[in-house]
Amino acid sequence: MTILCVRFQLPSEHETAFPELLGLLEEFTPVVEALPPDGALADLRGAERYFGRGAVELASVIRVRALALHGVDCVIGAGPGPMLARVAQRAARPGVTCAVSADEARDFLAGKPVAALPGVGAATARTLCEYGLDTLGRVAAAPLSTLQRLVGAKAGRELREKANGVDRGRVVPNAVSRSLAAERRFPRDELDPVRHRRALLSAGEELGARLRAVEKVCRTLTLTVRYADRSSTTRGRTLGEPTAHSADLTRAAYSLYEALGLQRARVRAIALRAEGLGPADRASHQLTFDPADEKARRIEEVADRARAKFGPRAVMPGGLAA
């Protein structure tokens, strides 16, 4: 068992701690694959040799450090491959790592519904269930030709292998795809849409400044609105082009907010998350020849230099403190 699947139990006020928690995992291994918004895969083969401990022991250390340093508990599954680790994580509970060895894999999977297998979507699960293949044990025992007829040649072969516990996946480090988040909490539950938009402006400008500071652009923007009853709504959008331009991020945030159609909603907090990060020097930018856009970008450059020289609060984004 060399792969861990870690799911951090992040409360709303700790959502922005996700990148730091990924950094905690990287103290044990550089092979970490982020699974936003709150999970990750970690390949501990090198760590097991270096620390002289097994994956389950290292999982306990990771759990203790996450609690001690960030106040965040986590649920951890361990397995010989990413697929088994992810299924094990779903069967785990806080404080106890669920570990599945290669020899135990088939029996462990047998009684689970087909939808428990990573990569099996609702449509595929529905098709399999219609033919009585509602558990992974039944899928594992089904003839390969039957599965291929139902879901396709390649997908059928992979599905049968996974149901039998064969895990050919690997952890793919994806540091560039990590996210940055900016959250604005209101002093009291806020009804005023104008204040909601002001918070979006502030968060959008902060995200843009942080992206430019690390020379990144984002491909996706996600909006999360939290309400007085502790429920929340999350919406995401792929941007027309990767960007770190605050005005573009803010426009996308406004569009996501307006699409929610909130009517007298009592909002407790608003958060924006920039995802799918990539190097800014590899991103293309469509020239607009818009004087206002060019002016805004020049102002951004001046504001960024002021922040670099005098600190992040030298230019307060949107007039709203974090």
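**Helix packing and a mixed sheet**

Author: In this predicted model, Y254 touches R197, L200 and L201, leaving aside residues up to four places away in sequence.

Reader: What makes these touches count as contacts?

Author: Contact means heavy atoms within 4.5 Å, so R197, L200 and L201 each have such a pair with Y254. Y254 sits in helix α11. The C-alpha atoms of Y254 and R198 are 10.0 Å apart, while 56 residues separate the two along the chain.

Reader: How do you know that α10 and α11 come together, and which residues make the contact?

Author: Two packed helices are described by the angle between their axes and the distance between the axes. Here the axes of α10 (residues 193-213) and α11 (residues 246-260) come within 8 Å and cross at roughly 145 degrees. From α10 the contact takes P193, H196, R197, L200, L201, G204, E205, L207, G208, A209, L211 and R212, and from α11 it takes S246, L249, T250, A253, Y254, Y257 and E258. Sorted by class, this contact of α10 with α11 holds ten nonpolar, five polar and four charged residues. The crossing is right-handed.

Reader: Let's move to α6 and α8. Why are these helices called oblique to each other?

Author: Helix α6 (residues 122-130) and helix α8 (residues 144-151) pack at an angle of about 130 degrees, with their axes 10 Å apart. Roughly perpendicular covers 65 to 115 degrees and roughly antiparallel needs over 145; about 130 fits neither, so α6 and α8 are oblique. The helices cross in a right-handed way. T124, T127 and L128 of α6 meet L147, L150 and V151 of α8, a contact with four nonpolar, two polar and no charged residues.

Reader: And what makes α8 and α9 oblique?

Author: The axes of α8 and helix α9 (residues 153-163) come within 7 Å and cross at roughly 130 degrees. That value is not over 145, nor within 65 to 115, and α8 and α9 are therefore oblique to each other. This crossing is right-handed too. On the α8 side the contact has L144, L147, Q148 and V151, and on the α9 side A153, A155, G156, R157, L159 and R160. Those residues divide into six nonpolar, two polar and two charged.

Reader: Now for the strands. Why do β2 and β5 count as edges of the sheet?

Author: The open sheet has five strands in the order β2-β3-β1-β4-β5, with mixed pairing. β2 (32-35) and β5 (98-99) each have a single partner strand, so one side of each lacks a neighbour in the sheet.

Reader: How do you know that β1 and β4 are paired?

Author: Pairing asks for at least two bridges, and six bridges join β1 (residues 3-8) to β4 (residues 74-79), so the two strands pair. They run antiparallel, and C5 stands opposite G77 in β4.

Reader: Which helices pack on the sheet, and at what angles?

Author: Helix α1 (residues 18-26) touches β1, β2 and β3 (39-43), and its direction makes about 155 degrees with that of β2. Helix α4 (residues 82-91) lies across β1, β2, β3, β4 and β5, at about 140 degrees to β4.

Reader: One last topic. Why is the ring pair of F28 and F51 called tilted?

Author: A pair of aromatic rings is described by the distance of the centres and the angle of the planes. For F28 and F51 the centres are 5.8 Å apart, which is within the 6.5 Å limit, so the rings pair. Their planes make 50 degrees; stacked needs under 30 and edge-to-face over 60, so the pair is tilted. F28 lies in the loop between α1 and β2 and F51 in helix α2 (residues 45-51), 23 residues apart, linking distant parts of the chain. A search of the whole structure finds two aromatic pairs.

Terms used. Residues are numbered from 1 along each chain as its sequence is written. This is a predicted model: local features need pLDDT of at least 70, side-chain atom pairs count only at pLDDT 80 or more; totals for chains, interfaces and linings use all residues. Side-chain values use heavy atoms; hydrogens and water are left out. Axes are lines fitted to C-alpha atoms, for helices over the stretch in contact, and angles run from 0 to 180 degrees between N-to-C directions. Helices (H or I, at least four residues) and strands (E, at least two) are DSSP runs, numbered from the N terminus. A crossing is left-handed if the near helix is turned anticlockwise from the far one by less than a right angle, and right-handed if clockwise. Ala, Val, Leu, Ile, Met, Phe, Trp, Tyr, Cys and Pro count as nonpolar, Asp, Glu, Lys and Arg as charged, and the others, Gly among them, as polar. Angles under 35 degrees count as roughly parallel, over 145 as roughly antiparallel, 65 to 115 as roughly perpendicular and the rest as oblique. Rings of Phe, Tyr and Trp (its six-membered ring) pair if their centres lie within 6.5 Å; planes under 30 degrees apart count as stacked, over 60 as edge-to-face and the rest as tilted.
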